[in-house]
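The exercises below are to be worked with the sequence and the coordinates at hand. Each task is followed by a solution in steps.

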Amino acid sequence: MTEKKKADRDKIFKGAKKLGFGLMRLPLLNPNDEASIDIEQTKKMVDIFLERGFTYFDTAWMYCGYASEGATKEILTDRYPRDRYTLATKLHSAYIKTEEDRDRIFEEQRRKTGVEYFDYYLLHDVGQDNYEKFTRLGCFRWLEDKKAQGLVKKIGFSCHDNADFLDRILTEHPEMEFVQLQINYLDWDSEGIQSRKCYETAVKHGRPVIVMEPVKGGTLADVPAEVEEILKAYHPDMSVPSWAVRFAAGLENVEMVLSGMSNVEQVLDNTGFMSDFQPLNEEEHEIIKKVVEKINENIAIPCTGCSYCTGGCPANIPIPKYFSLYNADRQETKSKGWRPQEEYYSRLTAVFGKASDCIACGQCEHVCPQHLPIISLLDQVAKYFE
């Protein structure tokens with residue numbers, strides 16, 4: 001990274017602590033109703049967050065059954081002066097069909113949140129399936145115009161896609177000032193999610209990263225008992241999810257780590273260890289490697305990602321990538337609602353063959369060093385994702 005790019009990056013997040021409050025998994029009055037946000041408990045959470053010196057809040061049009069942006073006004077913007085907080089929200093392609101829709105939603109977001117401008121505004125979940133739509137409707141240029149009008153301070157996008165595609169977006173749109181990526185220690189070397197490769201792509205382009213899913217939607221808080229024992233043996237007083245947040249926050253090019261907090265205890269924990277943030281040391285990184293190995297011992301498909309099976313596949317199926325996504329999804333905590341692996345799978349099928357396209361020629365099974373029954377496993381993956 002050049003000195004100028006580093007200075008620009010540092011200027012964007014100057015003075016900000018590295019923990020952001022994701023307004024996606026707020027406490028509910030009715031667990032069966034996503035929109036029944038417990039406003040009073042969330043106010044307490046917001047108060048603690050701000051009192052401890054944190055300022056960044058992240059919401060979106062569809063969060064909490066479309067109620068998150070409205071709740072933001074009640075819990076935050078009606079209660080605090082504008083210079084006390086930093087607010088980010090997003091535009092998702094699923095809710096726009098015309099250029100007029102962009103402004104209709106943007107103005108509604110300003111009304112719902114009660115702000116004149118947004119500190120950060122993202123094109124939400126840019127992937128190979130919707131990039132053409134964002135481009136056709138001029139959303140990148142539109143976002144630049146919003147910034148020029150003073151209605152947005154910083155512009156960027158979130159992405160659940162592979163590193164090559166991310167590289168394409170950042171190459172074609174150097175005006176984007178930051179990128180939001182899924183990064184956690186379990187997905188770091190995943191061939192399907194490519195956390196490390198995507199992070200390195202952002203570094204190459206000199207763009208700071210905002211991290212989403214650092215605890216993988218609770219998966220890295222609700223770890224197997226033997227994994228918890230390993231972590232507690234080294235840090236008896238540190239929570240299990242703190243390891244995941246510190247892993248992401250310790251990456252040099254990461255400027256903000258979002259945590260979707262659901263109760264006061266989670267806010268107290270996160271703000272506690274992030275108030276005087278210390279990156280993982282060398283010994284802790286070694287422990288994380290052991291933890292990943294332990295978690296992966298229980299994976300559904302023991303594929304090593306060697307890719308011997310993909311050479312010459314008549315259906316052009318990226319077998320290791322699909323197996324990686326299947327494993328990742330099966331490792332998710334059961335209580336989590338939306339999970340991103342299905343989107344990764346869908347976007348890969350826009351470029352490669354689907355798992356269901358397998359013609360059972362057997363070529364892959366003959367060369368697999370792990371002797372996996374790939375044909376039947378692909379059928380399993382197809383039924384799971386398709």
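**Exercise 1. Two strand residues and their surroundings**

Ala-88 belongs to strand 3, which comprises residues 86-92. The model is a predicted one.

Task: Determine whether Ala-88 is buried or exposed, and identify which residues it contacts beyond its neighbours within four places in sequence.

Solution.
Step 1. The relative accessible area of Ala-88 is 0%. The cut-off for a buried residue is under 20%, so Ala-88 is buried.
Step 2. With neighbours within four places in sequence left aside, the contacts of Ala-88 are Tyr-56, Phe-57, Asp-58, Thr-59, Tyr-120 and Leu-122.
Step 3. Separations along the chain and in space can then be set side by side. Gly-22 and Ala-88 are 66 residues apart along the chain, with their C-alpha atoms separated by 9.6 Å. Ala-88 and Phe-165 are 77 residues apart along the chain, and their C-alpha atoms are separated by 24 Å.
Step 4. Gly-22 itself is located in strand 1 (residues 19-22) and is counted as buried at 5% relative accessibility. Outside four places in sequence, Gly-22 is in contact with Asp-58, Ser-259, Gly-260 and Met-261.

**Exercise 2. A lysine in strand 3**

Task: State which side chain forms a polar contact with that of Lys-90, and give the distance.

Solution.
Step 1. Lys-90 is a residue of strand 3, and its relative accessibility of 1% classes it as buried.
Step 2. The side chains of Lys-90 and Tyr-63 are joined by a polar contact of 3.3 Å.
Step 3. Among the other residues in contact with Lys-90, beyond four places in sequence, are Asp-58, Trp-61, Gln-109, His-124 and Gln-180.

**Exercise 3. The faces of helix 13**

Task: Compare the end-to-end reach of helix 13 with the expected value, and explain where its buried residues lie around the axis.

Solution.
Step 1. Helix 13 covers residues 282-296, 15 residues in total. From first C-alpha to last it reaches 21 Å, close to the 21 Å expected at 1.5 Å a residue.
Step 2. The buried residues of helix 13 are Glu-284, Ile-287, Ile-288, Val-291, Val-292 and Ile-295. Viewed along the helix axis, these buried residues fall within an arc of 145°, and therefore they line one face of the helix.
Step 3. Glu-282 and Glu-293, on the other side of helix 13, are exposed.
Step 4. The cover over the buried residues of helix 13 includes helix 10 (225-234) and helix 11 (240-249).
Step 5. At the start of helix 13, Asn-281 places a side-chain oxygen within 3.0 Å of the backbone nitrogen of Glu-283.

**Exercise 4. Helix 14 and the second largest pocket**

Task: Establish how many residues of helix 14 are buried, and which elements give two or more residues to the lining of the second largest pocket.

Solution.
Step 1. Twelve residues at 1.5 Å a residue should span 16 Å, and the end C-alpha atoms of helix 14 are 17 Å apart, in agreement with that value.
Step 2. Eleven of the twelve residues of helix 14 are buried, so that the helix is mostly covered. Helix 15 (341-348), helix 16 (363-367) and helix 17 (374-385) are included in what covers them.
Step 3. The second largest pocket has a volume of about 660 Å³. It is lined by 30 residues, and those closest to its centre are Leu-186, Asp-189, Ser-190, Val-292 and Asn-296.
Step 4. Helix 11, helix 13 and helix 14 (319-330) are the elements that give two or more residues to this lining.

**Exercise 5. Enclosed space**

Task: Find how many cavities of 30 Å³ or more the structure holds, and which residues lie nearest the centre of the largest cavity.

Solution.
Step 1. There are four cavities of 30 Å³ or more, and the largest cavity has a volume of about 100 Å³.
Step 2. Of the 15 residues lining the largest cavity, Cys-313, Pro-314, Cys-358, Cys-361 and Cys-364 lie nearest its centre.
Step 3. At least two lining residues of the largest cavity come from each of helix 16 and helix 17.

**Exercise 6. Positive phi angles**

Task: Give the value that phi of Cys-64 is near, and likewise for Asp-125.

Solution.
Step 1. Cys-64, in helix 3 (residues 63-66), has a phi near 50°, which is positive in a residue other than glycine. Cys-64 is buried, at a relative accessible area of 4%.
Step 2. Asp-125, in the loop between strand 4 (118-124) and helix 6 (131-136), has a positive phi near 60°. Asp-125 is buried, at a relative accessible area of 5%.

Notes:
Residues are numbered from 1 along each chain as its sequence is written. This is a predicted model: local features need pLDDT of at least 70, side-chain atom pairs count only at pLDDT 80 or more; totals for chains, interfaces and linings use all residues. Side-chain values use heavy atoms; hydrogens and water are left out. Helices (H or I, at least four residues) and strands (E, at least two) are DSSP runs, numbered from the N terminus. The expected span of a helix is 1.5 Å times one less than its number of residues. Buried means under 20% relative accessible area, exposed over 50%, partly exposed in between (1.4 Å probe, protein chains only). The arc is that of the directions from the helix axis to the C-beta atoms. Contact means heavy atoms within 4.5 Å. A polar contact is a pair of N or O atoms within 3.5 Å; within protein, one must be able to donate a hydrogen and the other to accept it, and residues adjacent in sequence count only if both atoms are side-chain atoms. On a 1 Å grid over the protein atoms alone, a cavity is a set of points where a 1.4 Å probe fits but cannot get out, and a pocket is an open set with protein on both sides within 12 Å along at least five of seven lines; lining residues have an atom within 4 Å of a point. Grid points are joined across faces, edges and corners, and a volume is the space filled by probe spheres set on the points.
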